[in-house]
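Trainee: Hi! Could you walk me through this structure?
Mentor: Sure, have a look at it here.

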Amino acid sequence: MRNLPMNSEDFLEELLLCASPSGQEDEARFLLKRHLSPFAERFYTDILGSSYAVLNEKAPFRVLITGHQDEVAAQIVRIDEQGFLYCRNSGFPAWQRLAGCMMEVINRRGEHIPAVVLNRETEHLSDQSFQAGKMYLDIGAADRASAEKLVSVGDYIVSAPNFRRLADGRIVSKALDDKLGVYLAAETFRRLAEHPPRGIGICFVGASQEELGSRGARSAAYALNPAVAIAVDVSHATDFPGADRTRPEFVLGKGIGIYRNANNTPALLERMLAVAERKKIDFQLTPHYAAVSSTDASVFQITRGGMACALLGIPNRYMHSQAEMADLHDVESGIELLTETIRSFRPSDSFLPPLEKQKNTRSLSK
Ligand SMILES: [Zn+2]
């Protein structure tokens with residue numbers, strides 16, 4: 001008998017707890033295979049290790065939906081005589097929020113070795129004091145020989161797993177960036193698979209190495225050559241003490257983020273707004289704090305001859321720390337919006353910009 005698919009809540013928790021530093025993402029891929037294989041026509045990987053689940057992949061109109069399966073990390077660069085570990089970044093961990101936290105070293109055997117990370121300076125701390133080169137890790141080893149039995153130079157370091165449900169539907173965990181986006185896209189794929197839309201190919205990708213410059217997204221978009229590509233990622237919330245108030249307001253609990261900036265195709269944006277209004281789905285429309293976001297969406301838009309592209313953003317507090325916080329209502333509204341938007345697609349749809357002035361600029365919103 002085929003293994004029953006994991007239920008979605010268990011899947012979310014396991015995904016949040018797994019370790020997937022950019023470049024060593026096997027744990028996330030194994031979970032995605034286990035969860036999505038029963039719903040997919042085909043589940044496979046590529047040479048970078050991205051996770052692919054596809055439905056109706058021969059359809060000429062294909063939609064790519066992604067979250068990035070990797071998480072911010074560091075790598076050991078040196079082990080000293082006393083057994084302390086020194087590191088450099090692989091991505092951009094928020095070290096100022098990580099000092100004193102539990103971490104884990106993932107060694108080449110895939111074992112998780114607990115460690116605590118500390119700051120080498122204890123006085124006169126400045127922003128410069130919280131960089132990879134100013135931190136050290138302590139795994140409790142008595143000396144270098146003892147440390148080297150467990151870890152080696154090149155091993156990845158991630159935040160220790162943690163997941164708690166909090167008040168008002170909020171959750172806290174390391175690496176909601178972007179396990180939560182992966183979950184949103186995977187759950188959309190699962191719902192679409194129950195009644196696959198006719199004539200539309202659906203490609204889910206857990207993209208690898210986003211934190212190192214959207215490397216997996218680039219090769220996936222090239223290989224799949226979709227008509228539409230929608231990336232799901234977390235984005236900085238502005239609703240906590242010390243948040244950057246010069247950024248557009250973006251808050252937990254008010255719905256999924258939809259963006260109006262240069263790397264969101266206008267006609268696709270209009271379609272999503274029309275779907276959200278028609279289906280009464282909560283959303284937050286924002287210009288994004290950057291003219292083009294540093295997410296997989298930016299890469300999709302300029303792959304091959306370009307493709308219709310959008311970013312969905314889940315508001316996230318305390319980015320790249322061990323205490324990332326989000327609201328499950330925003331995730332659910334994102335799943336509904338993505339599912340309903342894809343259900344609205346017809347194989348003849350085009351999202352090209354107009355060649356002449358249009359009489360009715362919101363014709364799709366009726
Ligand atoms: Zn991200």
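Trainee: Which residues of H9 are buried?
Mentor: The buried residues of H9 are Asp330, Val331, Ser333, Gly334, Ile335, Glu336, Leu337, Leu338, Thr339, Thr341 and Ile342. Buried means that 20 or more other C-beta atoms, placed from the backbone, lie within 10 Å of a residue's own (12 or fewer is exposed, in between is partly exposed). Helices are DSSP runs of H or I with at least four residues, numbered from the N terminus.
Trainee: Can I take all this at face value?
Mentor: Keep in mind that this is a predicted model: local features need pLDDT of at least 70, side-chain atom pairs count only at pLDDT 80 or more, and totals for chains, interfaces and linings use all residues. Residues are numbered from 1 along each chain as its sequence is written.
Trainee: Back to H9, how many residues has it?
Mentor: Helix H9 covers residues 328-344, which is 17 residues. From first C-alpha to last, H9 reaches 24 Å, close to the 24 Å expected at 1.5 Å a residue (1.5 Å times one less than the number of residues).
Trainee: New topic: what does Phe204 touch?
Mentor: Leaving out residues up to four places away in sequence, Phe204 touches Leu36, Ala53, Ile65, Ala185, Ala186 and Phe189. Contact means C-beta atoms, placed from the backbone, within 7 Å.
Trainee: And the domains, how far apart are their C-alpha centres?
Mentor: The assignment gives domain 1 (8-71 + 175-344) and domain 2 (73-159), with bounds from an automatic or database domain assignment. Their C-alpha centres lie 30 Å apart. The contact takes 14 residues from domain 1 and 15 residues from domain 2.

Methods
Contact = placed C-beta atoms within 7 Å. Helix = DSSP H or I, 4+ residues; strand = E, 2+ residues; numbered from the N terminus.
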